[in-house]
Amino acid sequence: MSNLKRLSFTLFLLLFESACASTSIAVDSEVMINRLLHIDSEKFMSKTDSGEPFYNSLMEYKEWELLYIKYSKYDSEDKDLTEDEIKKLLFIGYITKVNSDAAISQSFSSDLVPIFSQNKSIVLNVMSDLKFLMPSTCYFLGRYFGFEGKNLEKKQAFLDKNGPLLVKELGEADGKTCLEYIKEEKKF
């Protein structure tokens, strides 16, 4: 299945899942889709003091940021996530990278390796099943090492420990591509 077809199918599943699940999940999926497709939501339409309509992009961004905080368990020491949470978090990462979202990119750069370390098998299963998430996920894993001048000395140990696992779980070609993103030999 091509990446575009898999992305379309994943978006459909997220929307279907949302229709069948709680209102909170439906809202989360809508926020993700709107962000990905640059759709302005009516709920962020406001008026100036003089009554002129304008789109409140700051309110929209705050909602997006809260979504990242929710799925990354940003305020929690316990980073155990469910498969559904991992899918949504990695999809947020995909959207962040595609849209060149600098602020959330910084958060992913500092947060994803600890999340990966605590949820390795789930993250690898999700990347293996939803291949379109692999480049952005591997890109953010690599940015952890050296982000804000930290963790650069930990990069080789991470690669030694996880490189063979990435190749095994993602397959030879995708595993090597992922390692290239982590090593910064490949650009997104």
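Biologist: Which pattern does the chain follow when read along the sequence?

Modeller: This is a predicted model, in which local features need pLDDT of at least 70 and side-chain atom pairs count only at pLDDT 80 or more, while totals for chains, interfaces and linings use all residues. Residues are numbered from 1 along each chain as its sequence is written, and side-chain values use heavy atoms, with hydrogens and water left out. Helices (H or I, at least four residues) and strands (E, at least two) are DSSP runs numbered from the N terminus, and the chain has nine helices and two strands. Read along the sequence, they give the pattern α-α-β-β-α-α-α-α-α-α-α.

Biologist: Which residues form a disulfide, and why does the pair tie together parts that are apart in sequence?

Modeller: A disulfide is a pair of cysteine sulfur atoms within 2.5 Å, and a search of the whole structure finds one, with its sulfur atoms 1.9 Å apart. C138 lies in helix α7 (residues 134-143) and C178 in helix α9 (residues 172-183), so the link joins parts that are 40 residues apart in sequence. The link is left-handed, with -100° about the S-S bond, and the residues that form it are C138 and C178.

Biologist: Are C138 and C178 buried or exposed?

Modeller: Buried means under 20% relative accessible area and exposed over 50%, with partly exposed in between (1.4 Å probe, protein chains only). Of the 188 residues of the chain, 44% count as buried. As for C138 and C178, each of them is buried.

Biologist: Which helix gives the most to the largest nonpolar core?

Modeller: A nonpolar core is a set of buried Ala, Val, Leu, Ile, Met, Phe, Trp, Tyr and Cys residues joined through side-chain atoms within 4.5 Å, and the largest has 45 residues, with F91, M127 and L166 having the most contacts inside it. Several helices each supply at least two residues of this core, including α2 (23-37), α3 (57-72) and α4 (83-98). With seven residues, the helix that gives the most is α4.

Biologist: Which helix supplies the largest share of the lining of the largest cavity?

Modeller: On a 1 Å grid over the protein atoms alone, a cavity is a set of points where a 1.4 Å probe fits but cannot get out, and lining residues have an atom within 4 Å of a point. About 70 Å³ of space lies in the largest cavity, a volume being the space filled by probe spheres set on the points, which are joined across faces, edges and corners. Its lining includes E30, R35, F44 and W64, and the largest share, four residues, comes from α2.

Methods: On a 1 Å grid over the protein atoms alone, a cavity is a set of points where a 1.4 Å probe fits but cannot get out, and a pocket is an open set with protein on both sides within 12 Å along at least five of seven lines; lining residues have an atom within 4 Å of a point.
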